[in-house]
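I opened a fresh page for this one and went through pockets, cysteines, charges and odd backbone spots in turn. Short notes only.

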Amino acid sequence: MSRYARQELVPWIGAEGQRRLVESTVGIVGMGALGSASSTLLARAGVGRLILADRDVVEMSNLHRQMLYTEADVADRLPKSEAAARHLRAANSEIAIEPLIADIMAEEARELFSRCDVVLDGTDNFETRFLLNDAAVEAAKPWIYAGAVSDYGALMAIVPGEGPCLRCLFKEAPAAGSVPTCEAAGVFGSAPVSVAAFQASEAVKLLTGHKENLARWFVRISLKEPSLAITEFKMDPNCRCCQEGRFDFLEERAISSANRLCGQNGVMIIAPKGTRIDLAALESRLAIFGRTYRNKYLVQTDLEGFKLTVYEDGRTMVQNTSDAAKARSIYARYVGI
Ligand SMILES: [Zn+2]
């Protein structure tokens, strides 16, 4: 019996749809709760290649909703994309899985869309979503917006040229602090998992050639009542992105490089392109100041009450502060590049 026999019995998938899935490449940006669930569904469904991008490490407070990860991943301080790749390979060894430990900026977004048939949003911030939207419109490839917080969430398949883009719906990124975040409003695991299930299903429809069945419109799922609402949006004839072809986020005009952490008590410092850190040397330097941990991917240490996580490409997360200037000074003092 084939691995996908039961799935092929679904009339609109069939053997032909399955063949198309196996030949497809899907990118997932953000391997939190949404990415954990959508990647699990797509890996098991037999999508031939998955590219999993995330910039963070698995933490204990992730486990209640980010279904791919285990306590061992927390103990090993594994980057999420690496931990995800290991677990998904154990579920399906017949597909290719590429972990990408990185912050998705313009160059990475362009590269991702050039390689993928569809990209799934697993991010937690509008800056990255607008960046994905720009890259999708530029490449004329679909992406699937999604978000979940508290006990509700939303998604929309965005097919450039055929329907509204994200900037037709939201002209600008919402002001910081104006949108509920997981940190402030909490999150109930069923919300992102429900949204991700719809998201993966929209991806499978796109990949198997069933665009006619896409939800197309903005789908809002609420678990408490429960309810599912679909709102129709039209293309905005004055949209800067899909009508005027101006890619503000891809050109990084609208993106700040120091403080890109949404709703978290932390600041991410982006190092200059091409930076390579000798993690072993950094660890021995930092060990003088505090308890230090190193694995293949990062060095982590507690300094002056701040938690520093330094990745090989120089990207550094400074936790326990939201003051970008303070974070930069800690970075300059201890990482010093
Ligand atoms: Zn638009």
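Below is what I looked up, entry by entry, in what is a predicted model.

**Entry 1: the second largest pocket**

I started with the second largest pocket and got a volume of about 620 Å³. I then asked which residues sit closest to its centre. Out of 25 lining residues, I101, A102, E108, R276 and D313 are the closest ones.

Next I checked which secondary structure elements contribute. Strand β3 (96-101) and helix α6 (106-115) each give at least two residues to this lining. I sorted the lining by class too, and it came out as 12 nonpolar, 11 charged and two polar residues.

Where does this pocket lie with respect to the domains? Residues from domain 1 (5-231) and from domain 2 (266-334) both appear in the lining, so I put the pocket between the two.

**Entry 2: enclosed space**

I ran the cavity search next. Rolling a probe the size of a water molecule over the atoms shows where empty space is left. How many cavities of 30 Å³ or more turn up in the whole structure? The search gave me one.

I noted a volume of about 40 Å³ for the largest cavity. Its walls are made by A157, I158, V159, E162, G163, P164, R216 and W217. By class, I have five nonpolar residues, two charged and one polar in that lining.

**Entry 3: cysteines**

I wanted to know how many disulfides there are. The search over the whole structure returned zero. For the record, a disulfide is a covalent bond between the sulfur atoms of two cysteines.

I looked at C241 in particular. Its closest cysteine sulfur belongs to C165 and is 4.3 Å away, which is too far for a bond, since I need a pair within 2.5 Å to call a disulfide. Is C241 buried or exposed? With a relative accessible area of 0%, C241 is buried. C242 has 22% relative accessibility, and I wrote it down as partly exposed.

**Entry 4: salt bridges**

I counted 19 salt bridges in the structure. I picked three pairs to look at by eye.

The first on my list was R115 with E98, whose side chains meet at 2.7 Å, N to O. This pair links distant parts of the chain, with R115 in helix α6 and E98 in strand β3, 17 residues apart. I have both ends as partly exposed: R115 at 35% relative accessible area and E98 at 21%.

Then I took D248 and R240, where the closest N and O atoms are 2.8 Å apart. Here the two ends fall into separate classes on my page: D248 is buried at 9% relative accessibility, whereas R240 is partly exposed at 25%.

My third pair was E283 and R294, a salt bridge at 2.8 Å, N to O. E283 belongs to helix α11 (residues 279-286) and R294 to strand β10 (residues 292-294), so the bridge ties together parts 11 residues apart in sequence. E283 is partly exposed at 22% relative accessible area, and R294 is partly exposed at 39%.

I also noted a network: E16, R19, R20 and E23 are joined by salt bridges that share partners.

**Entry 5: the loop between β7 and β8**

I went to the loop between β7 (218-222) and β8 (227-231), where L223 sits. L223 is partly exposed, at 26% relative accessibility. I checked L223 against S190: the two are 33 residues apart in sequence, and their C-alpha atoms are 7.8 Å apart in space.

P226 is in the loop between β7 and β8 as well. Which kind of peptide bond joins E225 and P226? It is cis, with omega at about -10°.

**Entry 6: positive phi**

Last, I looked at two non-glycine residues with positive phi. S150 has a phi of about 50° and lies in the loop between β5 (143-149) and β6 (152-158). I have S150 as partly exposed, at 21% relative accessible area.

N320 has a phi of about 75°. I found N320 in the loop between β13 (316-319) and α12 (324-334). N320 is partly exposed, with a relative accessible area of 46%.

Notes:
Residues are numbered from 1 along each chain as its sequence is written. This is a predicted model: local features need pLDDT of at least 70, side-chain atom pairs count only at pLDDT 80 or more; totals for chains, interfaces and linings use all residues. Side-chain values use heavy atoms; hydrogens and water are left out. On a 1 Å grid over the protein atoms alone, a cavity is a set of points where a 1.4 Å probe fits but cannot get out, and a pocket is an open set with protein on both sides within 12 Å along at least five of seven lines; lining residues have an atom within 4 Å of a point. Grid points are joined across faces, edges and corners, and a volume is the space filled by probe spheres set on the points. Helices (H or I, at least four residues) and strands (E, at least two) are DSSP runs, numbered from the N terminus. Ala, Val, Leu, Ile, Met, Phe, Trp, Tyr, Cys and Pro count as nonpolar, Asp, Glu, Lys and Arg as charged, and the others, Gly among them, as polar. Domain bounds come from an automatic or database domain assignment. Buried means under 20% relative accessible area, exposed over 50%, partly exposed in between (1.4 Å probe, protein chains only). A salt bridge is a side-chain nitrogen of Lys or Arg within 4 Å of a carboxyl oxygen of Asp or Glu.
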